[in-house]
Amino acid sequence: MTSNSKAWIITGPTSGIGYRTALELAHHGTVVLVGRSPKKLDGVRNEIESTGGHAATVVADLGDITSVRRAADEITALHLPIAGLLNNAGIFPSRPRKSAQGWDIAFATNHLGPFALTEALIPNLPDGAHVVFIVSAVEDPDRRIAVQAGFRGSRYISAEASAAGEWLTPGGSAIPGMDAYATSKQGPLATALAFSREYPRLRFSAIEPGVNPGSNLGRDMNIVLRGLGMLMAPVLQLMPHYTTPKKAAKVIVRILTSQTPQTGTYFDEDGNPMRGSAQVHDPAFQDRVVAETRALLSTVPASNSAR
Ligand SMILES: NC(=O)c1ccc[n+]([C@@H]2O[C@H](COP(=O)([O-])OP(=O)(O)OC[C@H]3O[C@@H](n4cnc5c(N)ncnc54)[C@H](OP(=O)(O)O)[C@@H]3O)[C@@H](O)[C@H]2O)c1
């Protein structure tokens, strides 16, 4: 049943977990689809509308702060009864690249953009609204399955250093892109936990969505490895922490639409509370990430957000 009394914002609804979640969310109200490709966004909107749902599209490049601020203004101008924001969009680049602001593309897209979008929307979110960040357990240096894959946990020095593409050494990953990804995904987890203390009128959560070989996150990976991952997906599903975008979407929507007053919880792929790294659960660290991120974002002139 589609209800229009609520609206849900989702970033990255054009592929993988976000695509499945957008279709699922359409059963709970209007879906505001935020993505970088107008054509792909229209495709998802048409799909939702063809089954009687309601959707709006807003174009934004999450790696570009100017684009994110413009998108937040556009979302606000829709005057929809927003019940939740899902920060889902993310990338896992295997080579370093620069964002529009000249920052590391993984850190910009996975942390700075979602942070800027969330802070721009918070004043317009009603009491009790959900804000959910899709994060990754690879930020934890003690996460066995991640270590086996080559991750060494977050290598955070400061927000400024991450933006410059600098990670804590020695002891980092030997595999290109892993330190950048793990560090960039710790940012939103620290933010969710810090914001749950800073904005008690809202409900913040972070979700580790499980290992989803069926998504496009590994699009930068060697084509042979990727093909193998896709082929093996049905078998891998049986292993601990492995899942599918469809299953992940069900868990995410359950948390995003939950009626419980719970805030500041980090959920696993089954929707059960989980622990992240010792570092990310330290409130002083969380507050440092938030303060450093705000300081960095304040260097992007507000006037730049004009069209
Ligand atoms: N897959 C996993 O195993 C796994 C595990 C843990 C966490 N996660 C997290 O889950 C989330 C979803 O990933 P996924 O696996 O579903 O990957 P995916 O299939 O590659 O989907 C990523 C989505 O993010 C969008 N996106 C990427 N860069 C963007 C940008 N600059 N601006 C706006 N949108 C952008 C993509 O848009 P386009 O369609 O235009 O490319 C796409 O809609 C990510 O945050 C990821 O870090 C995934």
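**Cavity, pockets and ligand site**

In this predicted model, the count of cavities of 30 Å³ or more comes to one. The largest cavity holds about 30 Å³ of space. Its lining consists of N87, A89, N110, P114, F133, I134, K185 and P188. By class, these lining residues divide into five nonpolar, two polar and one charged. Three elements, α4, β5 (130–134) and α7, each contribute at least two residues to the lining of the largest cavity.

An open site was examined next. The second largest pocket has a volume of about 230 Å³. A total of 19 residues line this pocket, and P96, D104, W167, G177 and A180 are the ones nearest its centre. Classified by side chain, the lining of the second largest pocket comprises 10 nonpolar, four polar and five charged residues. Both α4 (105–121) and α7 provide at least two residues of this lining. The largest share, three residues, is supplied by α7. The helices α4 and α7 thus appear in the lining of the second largest pocket as well as in that of the largest cavity.

The ligand is surrounded by 30 residues, of which T14, S15, N88, Y181 and S215 come nearest. The shell around the ligand contains 12 nonpolar, 13 polar and five charged residues. Two helices, α1 (16–25) and α7 (178–198), each supply at least two residues of this shell. Backbone atoms also approach the ligand. A polar backbone atom of N216 is 2.8 Å from an oxygen atom of the ligand. For G12, the distance between a polar backbone atom and a ligand oxygen atom is 3.2 Å. In the case of G90, a backbone N or O atom lies 3.4 Å from an oxygen atom of the ligand. Taken alone, the ligand exposes 900 Å², and 96% of that area is buried by the protein.

At the level of the whole chain, the secondary structure amounts to 10 helices and seven strands. The radius of gyration of the chain is 18 Å, close to the 19 Å given by the globule rule for 307 residues, so the chain is as compact as a globular protein of that length. The C-alpha trace spans about 50 × 45 × 35 Å along its principal axes.

Two features of the backbone geometry were also noted. Most residues other than glycine have a negative phi, and most peptide bonds are trans. The peptide bond that joins T169 and P170 is cis, with omega of about -5 degrees. P170 belongs to the loop between α6 (159–163) and α7. H79, a residue other than glycine, has a positive phi, with a value near 50 degrees. H79 is located in the loop between α3 (65–77) and β4 (82–87).

Helix α7 recurs in several of these results. This helix supplies at least two residues of the shell around the ligand, at least two of the lining of the largest cavity, and three of the lining of the second largest pocket. The loop that contains P170 lies between α6 and this helix.

Conventions:
Residues numbered from 1 in each chain as written. Predicted model: local features only at pLDDT ≥ 70, side-chain atom pairs only at ≥ 80, totals over all residues. Heavy atoms only, no water. Near = heavy atom within 4 Å. Polar contact = N/O pair within 3.5 Å; in protein donor to acceptor, adjacent residues only side chain to side chain. Areas by Shrake-Rupley, 256 points an atom, 1.4 Å probe, with all protein chains shown as cover. Helix = DSSP H or I, 4+ residues; strand = E, 2+ residues; numbered from the N terminus. Nonpolar A, V, L, I, M, F, W, Y, C, P; charged D, E, K, R; others polar. 1 Å grid on protein atoms, 1.4 Å probe; cavity = no way out; pocket = protein on both sides within 12 Å on 5 of 7 lines; lining within 4 Å. Points joined across faces, edges and corners; volume = space filled by probe spheres on them. Rg over C-alpha atoms; globule rule 2.2 N^0.38 Å.
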